[in-house]
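Me: I'm new to this structure and would like a close look at a single part, with its surroundings explained along the way. Could you take one helix and walk me through it in plain words?

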Amino acid sequence: MDPDPDPAAPRATSVSGPDRLRRAWPSLTFLAVAVAVLAPAWTNPSRRAFCGCGDLAFTTWFFSWTSYAVTHGHTPLVTDWLNYPYGVNAMWNVSLPLPGLLMTPVTLAFGPVATYNVLSAVGVWTAGWAAYTVIRRWAPWRPAAFAGGLLFQLSPFMMGQQLGHVHMNLVGLVPLMLLCLDELLVRQRGRAWLWGALLGALAAAQLLTAEEVLASAALIGLVGLLVLVLLHPRRLTAQIRYAGTGALAAVVSFAALGGYPLYVEFFGPQALHGAVQLTDRFSVDLLEAVVPSRRVWLRNEATNEVAARFTGNLSENGAYLGITLIVALLLVLLVHRRVATVRALSVLLLVTFVLSLGSHLHVNGTVTDFALPFGAFQRLALLESITPTRLALFTSLFAGALLAIGLDRLHARMDGGGALSRTLPAGLAL
């Protein structure tokens, strides 16, 4: 979103041991946080999960099925071991075929619960690392990008989805797809077809991990393209050939890797038609941005009473930002409103929050008759089953990026201020 050269781009220089450690500490810290968050599961990872709730049993069954299918010459995308004799189409279920395939050795050796726990940790870890990686394109100071990645990794969305929704924690591919889009639409360095092919491969991997996340990412990607067109129409007109080449490569790559699973989903046995669930119940309450759920540490009895009235359930109440963070983000927008990246991310944050409110406004647990834009998407095929609350994934990511940009620019403005230039932005991040 910012056409300036990438300050984080690697250079062909030798890397010493201390430099390797300096570059690796964010990833190692994200891994340590993920392991610590899931601490209860590690006492007996083959038999005990972080939370025995939600879709845990359903998901672990599919891990067992995938390992059995690939070791016995069956396709994991269709099974009659459920709903016999008619069977089920696994592509219409939370079957996680790609993670299940990659984790087959773990499933066979230690069982599906161990696979579930490992994937939960991997999801939390890669979410933070991937967010950090893409944020560094706009906030090159490592501590600032780390703060943005950590905000996303420990966001109420990520912590809420830990309650039985491992597929919604495996979202590390989303920031990487954003990185590819930034290259194709804005920076346009290197070979367009290569970035496009990578984008298509990431999309196919997301299809086989959590298709709802892919559908949501496609929706937000189209919104982002519209935002860029409105903010920079002349620049995008000049860059359309590069972007078009990348888009064509993305389609070819996605079709090659994801074409057969999509064929099974829509033309295979037990294909479904229409919405698979009623989504309006799972919409963000307007107060949820400032009222923490019970999964947020900074809460009290008063906020618990308000949060208890929100529609949905605890795992889906993940849109909390907090007054302090909202004020900080507004300050970043006010001070750096002329920075193209800040403007674009701010618009995207607002749009994703509005879309997460669902088709009708929810206020303090009451569903009003006030219609909202998301209702238009519920009439479109493939988007009709998106759960609005889960768009908080993107709100958290954009909030982390904006926070990091603000800290990075504050650090740069104070450059030469000694320890204060490091400690003040770090204190604000905390």
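Reply: Let's start with a word we'll need: a residue is called buried when its relative accessible area is under 20%, and exposed when that value is over 50%. Keep in mind, too, that this is a predicted model.

The helix to look at is H15, which covers residues 340-356. With 17 residues at 1.5 Å a residue, H15 should span 24 Å, and its end C-alpha atoms are indeed 24 Å apart, so the two values agree.

Is H15 enclosed or open? Of its 17 residues, 12 are buried, so H15 is largely enclosed by the rest of the structure. If you'd like to find them, the buried ones are Ala340, Thr341, Val342, Ala344, Leu345, Ser346, Leu348, Leu349, Thr352, Phe353, Leu355 and Ser356. A handy thing to know when reading a list like that: an α-helix has 3.6 residues a turn, so residues three or four places apart point the same way.

What do those buried residues pack against? Their partners are four helices: H10 (211-231), H14 (323-335), H16 (374-377) and H17 (392-413). Just past the end of H15 comes glycine 358, with a positive phi of about 85 degrees.

Now for those partners, beginning with H14. Leucine 334 sits in this helix, and at 51% relative accessibility it counts as exposed, because the cut-off is 50%. Leucine 334 also belongs to a nonpolar patch on the surface, together with Val290, Ile323, Val327, Leu331 and Val335. The patch has about 530 Å² of accessible area in total.

H17 offers a residue of the opposite kind. Serine 396 lies in that helix and is buried, with a relative accessible area of 5%. Setting aside neighbours within four places in sequence, serine 396 is in contact with Leu151, Phe152, Ser155 and Phe157.

H10 and the loop between H16 and H17 are linked by a salt bridge. Here the side chains of arginine 390 and glutamate 212 meet, at 2.7 Å from N to O. Arginine 390 is in the loop and glutamate 212 in H10, so this pair ties together parts that are 178 residues apart in sequence. Both ends count as buried: arginine 390 has 10% relative accessibility, and glutamate 212 has 18%.

That pair is one of 6 salt bridges in the structure. Another joins arginine 137 and glutamate 183, with N and O 2.4 Å apart. Arginine 137 lies in the loop between H5 (112-135) and H6 (142-153), while glutamate 183 is in H8 (residues 173-187), so this bridge ties together parts 46 residues apart in sequence. Both of these residues are buried, and glutamate 183 has just 1% relative accessibility.

Glutamate 183 has a second partner as well: arginine 189, with the closest N and O atoms 2.6 Å apart. Arginine 189 is partly exposed, with a relative accessible area of 31%. Through shared partners, salt bridges join Arg137, Asp182, Glu183, Arg187 and Arg189 into one network.

H8 makes a useful companion to H15. It has 15 residues and reaches 20 Å from its first C-alpha to its last, close to the expected 21 Å. In H8, 12 of the 15 residues are buried, so this helix is also largely enclosed by the rest of the structure. Among the buried ones are Asp182, Glu183 and Arg187, which also appear in the salt-bridge network. Right after H8 comes glutamine 188, whose phi is positive, near 55 degrees.

Back past the end of H15, there's one more backbone detail to look at. Asparagine 364 is in the loop between strand E3 (360-363) and strand E4 (366-371). Its phi is near 55 degrees, a positive value in a residue other than glycine. Asparagine 364 is partly exposed, at 29% relative accessible area.

Finally, how confident is the predictor? The protein averages a pLDDT of 88, and 91% of the residues score at least 70. Over residues 5-13, though, the pLDDT is below 50, and beyond near neighbours in sequence this stretch has 9 contacts in the model.

Conventions. Residues numbered from 1 in each chain as written. Predicted model: local features only at pLDDT ≥ 70, side-chain atom pairs only at ≥ 80, totals over all residues. Heavy atoms only, no water. Helix = DSSP H or I, 4+ residues; strand = E, 2+ residues; numbered from the N terminus. Expected span 1.5 Å × (residues − 1). Buried < 20%, exposed > 50% of the residue type's maximum accessible area, 1.4 Å probe, protein only. Contact = heavy atoms within 4.5 Å. Patch = residues over 30% accessible without salt bridge, like charges linked within 9 Å, V, L, I, M, F, W, Y side chains within 5 Å. Areas by Shrake-Rupley, 256 points an atom, 1.4 Å probe, with all protein chains shown as cover. Salt bridge = Lys/Arg side-chain N within 4 Å of Asp/Glu carboxyl O. pLDDT = per-residue confidence, 0-100.
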